[in-house]
There are 2 protein chains.
Amino acid sequence: MTTSTQTPAGAPRDREQALRTRYDAIAARRLALDMTRGKPCPEQLDLSLGMLELRDYRAADGTDCRNYGVVEGLPEARRLFAELLEVEPAEVIVGGNSSLALMHDAIVQALLIGTPDAPPWQRQAPIAFLCPTPGYDRHFAICERFGIRMVPVAMDEHGPDMDEVERLVEDAAVKGIWCVPRYSNPTGITFADAVVERLARMPTAAPDFRIFWDNAYAVHHLVPRPQPLKNMLRECRAAGHPDRPLTFTSTSKISFAGAGLAAMAASATNVRHVVGGVSIQTIGHDKLNQLRHVRFFRDAAGVAAHMQKHAAILKPKFDAVQDILERELGGTGVAEWSRPEGGYFISLDTLDGCASKVVAMANAAGVKLTAAGATFPHGKDPRDRNIRLAPSLPGLDEIRQAMELVAIAIQLVSLERQRA
Amino acid sequence: MTTSTQTPAGAPRDREQALRTRYDAIAARRLALDMTRGKPCPEQLDLSLGMLELRDYRAADGTDCRNYGVVEGLPEARRLFAELLEVEPAEVIVGGNSSLALMHDAIVQALLIGTPDAPPWQRQAPIAFLCPTPGYDRHFAICERFGIRMVPVAMDEHGPDMDEVERLVEDAAVKGIWCVPRYSNPTGITFADAVVERLARMPTAAPDFRIFWDNAYAVHHLVPRPQPLKNMLRECRAAGHPDRPLTFTSTSKISFAGAGLAAMAASATNVRHVVGGVSIQTIGHDKLNQLRHVRFFRDAAGVAAHMQKHAAILKPKFDAVQDILERELGGTGVAEWSRPEGGYFISLDTLDGCASKVVAMANAAGVKLTAAGATFPHGKDPRDRNIRLAPSLPGLDEIRQAMELVAIAIQLVSLERQRA
């Protein structure tokens, strides 16, 4: 078997043969590895088991959390999220277990009822959302479901191309932009101050333009000194557009994925508007689960300490991916990839036209990757080059095997492409 | 103070004065009693505290309930609801903590996306729902929010007036009917077999007509031999309208109100359609809470045994209401009221034009009742006579005081009305 020190300078056919031999050897192990979704691993979930010890059902203000009511969320839960998001408790609504549902429902309400600023989007149809790409497939799926046209916008290491964004929002049909501003999914970048400021300040033709600020990875650092992120709610208020942003976050990757808490932060006007809609939809969300979280984490410092434990589990996996990518592909020119300081993904770009084949080759050898194109609207990557790597779920050794296979597949597909 | 054996044959002014004296005496106690909503009392909530002991997080099929996924609900949770609702597990979707949210979201999806049978309701607007009255204010609020015209339909002890319903559904704009078929909120009746059959069989002009079968009180019996309720899903299938019904239920009044489980049962076609929409809205609902419920209750027999404990707490309260109403108002002709065998409410009708005043008088003396008109669309009771009594929350002694006050208020307001 060829070692990984095979130089690109070796004869192409020999090199290709060596890669195929390695590929076949890994495939023969009959792996069944899932690197498709950003799921925490069981070891991470163990970190929060203490939360299940809760016997209390009385909130600090005396509310019996076993009974109906309190549609905006327990005051102490709102306080916790307010501290995490650096806003006021009155600017927070605590939801159920899903921030995606809060985003989805905000769009549904805007479509059917409208916003404080304008009539229902249904009546203003057709409408569009700006979609910085590569981005998050579940955001795009919402737009697709409701017939909202998606306009891809290029991203660089600072965030979305703001010249392009500012041009596009001159169209009153453009009602929103999807942003994952910290450890963006999948590019891993954190929006630069200048980007946050321009998003907050830019004039928009639509008075009901909304920034969907999905801060899903707000505290999910892998390094001790994270790049700061400007506070969008504060920036928008200072810019005279206080109702522009809707901030979302979730404890799914802090406590339990699908059994945590979601929250939205927004201006008082937007909170009032959203509560109006939520009050028709439900009598309230699960306050026992809110109590579990506030008692277990206590405050932002408690969350930060907990996140360090997550980082201790995740960082070696991310480092392993970097090591193998560098070792196998460094200097070859056939791939570029992100080096995120937090979040759940590494974004890799192959040569144009190679991503689908790479994903298929990996699949065939037992390593499932996020579908090629998933990071673009309608599942269509115009350059068929982006692959989202999600290393959180498998164990360290499995990741090494999976990444070796992926790197081999990239090289094989690239060789084919370069011959064509 | 006059005793309650004061006969109507006593001089009216004396009688009125005696009632006023009693009213003032109770008002002087500065009560603060809430009989507005059907909330379980703390003693009832205590019954489920054992559920919080759960340490398990692995479902029977090995699913780690702390992680993402399983959008239709854990198989064992679907089995539990299937047994309770007498359907197949494949016909069940387990939701979050709110059946109201399942109903709300089903209507939102029908408005924006449509049903398997027809285009979006938004494109067919204006549309209407049939609203048997007196009914449930939160159902009506959904219709009001989304501009769905509400058509009140009279109810008797068998259910809605089916001659009227069958006439009204000849209009293709009529897309739905709200039903609380067991221990109806607030009338307390259970739909008769003939009503269930006619609802299932009737032709409807709208191919996408839906029965919103809100079986909120499916197992909430106060008597040992409850009146049976025909299975709507089965009836509709037999009638060749398998996709007509959407059944909903909740454990809010079984386990914890606002921290339980909600479920929907429907045809396989409808389940597929709803799952399609739910999958865009969320990655899944709280499986840890689903596991808590299945482990604690085990099966329908476990739920039934638990409900007997609820009944032991509730029945004395309902009996107390009946006793006082009978004692104070029996034979006076100024009020009629239900004698439910289950559920959470007693429905009382005053003389026409008296309900608002009665509620105001009770409020003024410290007894909060559900707002007059709440049981009708847009909060408008055309005869201003219906009052919904919710005796579950307060203690037994408080209920007696509250009901004495209510009965006095009814008599005082009736005297006034009869003089007018």
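The following paragraphs describe the interface, the nonpolar cores and selected charged residues of a predicted two-chain model.

Local features in this predicted model require pLDDT of at least 70 and side-chain atom pairs count only at pLDDT 80 or more, whereas totals for chains, interfaces and linings use all residues. Side-chain values use heavy atoms, with hydrogens and water left out, residues are numbered from 1 along each chain as its sequence is written, and chains are lettered from A and ligands numbered from 1 in the order in which they are written.

Between the chains, 57 residues of chain A are in contact (heavy atoms within 4.5 Å) with 57 residues of chain B. The two chains bury about 4,700 Å² between them, 54% of it on carbon and sulfur atoms, where buried area is the accessible area (1.4 Å probe) that two parts lose on being put together, summed over both. Of the area that chain A buries against chain B, 17% is supplied by A:Arg66, A:Tyr68 and A:Arg145, more than by any other three residues. Across this interface there are 22 residue pairs in polar contact, both residues being at pLDDT 80 or more; a polar contact is a pair of N or O atoms within 3.5 Å, of which, within protein, one must be able to donate a hydrogen and the other to accept it, and residues adjacent in sequence count only if both atoms are side-chain atoms. On the side of chain A that touches chain B, helices H2 (42-46), H4 (99-112), H5 (137-145), H9 (268-281) and H10 (287-297) of chain A each supply at least two residues, helices being DSSP runs (H or I) of at least four residues and strands (E) of at least two, numbered from the N terminus. The largest share of that side, eight residues, comes from H4(A).

The count of salt bridges (a side-chain nitrogen of Lys or Arg within 4 Å of a carboxyl oxygen of Asp or Glu) between chain A and chain B is four. One joins B:Arg66 to A:Asp46 at 2.7 Å, N to O, and another joins A:Arg66 to B:Asp46, also at 2.7 Å. Because A:Arg66 lies in the loop between H2 and helix H3 (75-85) of chain A and B:Asp46 in helix H2 (residues 42-46) of chain B, the latter pair joins two chains. A:Arg66 is buried (under 20% relative accessible area, 1.4 Å probe, protein chains only), with a value of 0%, whereas B:Asp46, at 37%, counts as partly exposed (between the 20% limit and the 50% above which a residue is exposed). A:Arg66 also forms a salt bridge with A:Asp64 at 2.8 Å.

The largest nonpolar core (buried Ala, Val, Leu, Ile, Met, Phe, Trp, Tyr and Cys residues joined through side-chain atoms within 4.5 Å) has 69 residues, of which A:Ile107, A:Trp178, A:Phe212, B:Ile107, B:Trp178 and B:Phe212 touch the most other members. A second, separate core of 65 residues includes A:Leu45, A:Ala218, A:Ala259 and B:Val294.

Within chain B, B:Arg244 is found in the loop between helix H8 (232-238) and strand E8 (245-250) and is buried, with a relative accessible area of 5%. Its side chain reaches the backbone oxygen of B:Met202 at 2.7 Å, and a polar atom of the B:Arg244 side chain lies 2.8 Å from the backbone oxygen of B:Leu199. In helix H1 of chain B, B:Arg20 forms a salt bridge with B:Glu16, the closest N and O atoms being 3.8 Å apart, and the two residues, four apart in that helix, are separated by about one helical turn.
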